[in-house]
Amino acid sequence: MGSKAHVCTVYLLLLFAFTSEALPNTFDVTKYGAKAGSDITKALLSAWKEGCAAAGSGKVVVPKGKYFLGVVDLIGPCKSAMHLQVEGTLVAPAKASQHSKNSWVSGGGAFDGQGEIAWERAHCGDRCKTPLPIGSKTECYFTKQQPFIDPIVEDVTSIDSKQFHVNVLGSKNLTFQRFSVKALGHSLHTDGIHIGRSEGINIINSNIVTGDDCISIGQGSKQVRITNVRCGHGHVISVGSLGKYEKEEPVSGIYVKDCTIYDTYNGVRIKTWPALYGGIASNIHFEDIDMQNVSNPIIIDQMYCPWNLCNRKKPSIVQISDVSFKNIQGSSRTPTAVQITCSSSVPCKDIVLSNVNLKYT
């Protein structure tokens, strides 16, 4: 949200803290009419607009307390770098009908998506009369970014999102640090952080507990580093699924290290659809992973076909290569702790398993 940034759409979870040499000007939302226990959508927008237009870097502050927030677009370019500091708790509209968009921001605050109503309807899929809104969605596009400005999401908690907690699409050099996700194990389609068509994404020192993938990495993701992350109760740290759509961009440079995965259905996984479209997944490395009570700790699945929405008789044409699983320790809830199912059309290349010690419990 510096001078070269375009638009960031915010709905209940979007924080970008930018470095700046000078102390920023402060724009407290309470000075614009915001009160604890009330809707602060207009006040937040007013504070942002004034800060964005002011000379020098700006900081919009939401102080401690519980506030309600609807859909708000925080739009640039701004005259200088902007920082949104949330110290309180922002609460989403409870009813799906109150969401007019599928869009959703350090300060130690929390963002409560009130997702229970969405989880109850998740099983209906395409039969739902109205689509479910994404609970918290970070979707920013940075162009001609100045080298000393690196966006950071830190010290933020996302609670009970209706769908994905964070969706990173088309972003570059974005870091999540001390980021927390809290959702129950039965919360369907609530990926903690989804990444697609992005480069230079770092997720470090974070704790993600949700009902679906802790971190999912989609097509076009490059140079993604995941370090010291605790992942619990849902599925997995996953690459894919890939090969579902035509002309998908390659996935490469994925590094997962020093992580703990506990009480999940899967552990670390690469998955591709059979019979559909080609693609490339390479230079992917999982190292120093502690698995605690995980049903399927290590998986390469090139026959991924949920709900039988594909032709299992034709193999995947996504090429997987240069993949390593090193120093993977812990326990498996099933006898099959390692499952490598490669394509018969484009077989996996250079797959390395080293020092894997998983005990069946």
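These legends go with several close-up views of one predicted model. In this model, local features need pLDDT of at least 70 and side-chain atom pairs count only at pLDDT 80 or more, while totals for chains, interfaces and linings use all residues. Residues are numbered from 1 along each chain as its sequence is written, and side-chain values use heavy atoms, with hydrogens and water left out.

**View 1. The largest nonpolar core and Phe 176.**
Here we look into a core of 46 residues, where Phe 176, Ile 193, Ile 215 and Ile 226 touch the most other members. Strand E20 (residues 279-294) gives this core its largest share, six residues. A nonpolar core is a set of buried Ala, Val, Leu, Ile, Met, Phe, Trp, Tyr and Cys residues joined through side-chain atoms within 4.5 Å. Buried means under 20% relative accessible area, exposed over 50%, and partly exposed in between (1.4 Å probe, protein chains only). Strands (E, at least two residues) and helices (H or I, at least four) are DSSP runs, numbered from the N terminus. Which residues surround Phe 176, leaving aside neighbours within four places in sequence? Its contacts (heavy atoms within 4.5 Å) are Val 153, Val 166, Val 168, Ile 193, Ile 201, Asn 202, Ile 203, Ile 204 and Ser 206. Another core, of 21 residues, lies apart from this one and includes Val 29, Ala 47, Ala 54 and Val 62.

**View 2. The disulfide between Cys 52 and Cys 78.**
The sulfur atoms of this pair are 2.1 Å apart; a disulfide is counted when two cysteine sulfur atoms lie within 2.5 Å. The torsion about the S-S bond is about -105 degrees, so the disulfide is left-handed. Cys 52 sits in helix H1 (residues 41-53) and Cys 78 in the loop between strand E5 (72-75) and strand E6 (82-86), so the bond ties together parts that are 26 residues apart in sequence. Cys 52 is buried at 9% relative accessible area, and Cys 78 is buried at 5%.

**View 3. Further cysteines, bonded and free of a bond.**
The structure holds four disulfides, among them Cys 305 to Cys 310, with sulfur atoms 2.0 Å apart, and Cys 342 to Cys 348, at 1.9 Å. The second of these is left-handed because its S-S torsion is about -105 degrees. Is Cys 342 buried or partly exposed? Cys 342 is partly exposed, at 31% relative accessible area, whereas Cys 348 counts as buried at 17%. Why does Cys 259 have no bond to Cys 231? The sulfur of Cys 231 is the closest cysteine sulfur to that of Cys 259, but at 8.5 Å it is too far for a bond.

**View 4. A three-stranded open sheet.**
The strands run in the order E2-E3-E6 with parallel pairing; two strands pair if DSSP finds at least two bridges between them. Strand E2 (25-28) and E6 are the edges, each pairing on one side only. Strand E3 (residues 58-62) and E6 share five bridges, and Val 60 has Leu 84 of E6 as its bridge partner.

**View 5. Backbone angles to look at twice.**
Most residues other than glycine have a negative phi, and most peptide bonds are trans. The Gly 240 to Ser 241 peptide bond is cis, with omega near 10 degrees, and Ser 241 belongs to strand E17 (residues 237-242). Asn 173, in strand E12 (residues 172-182), has a positive phi of about 55 degrees. Asn 205, in strand E14 (residues 199-209), has a positive phi near 50 degrees and is partly exposed at 40% relative accessible area.
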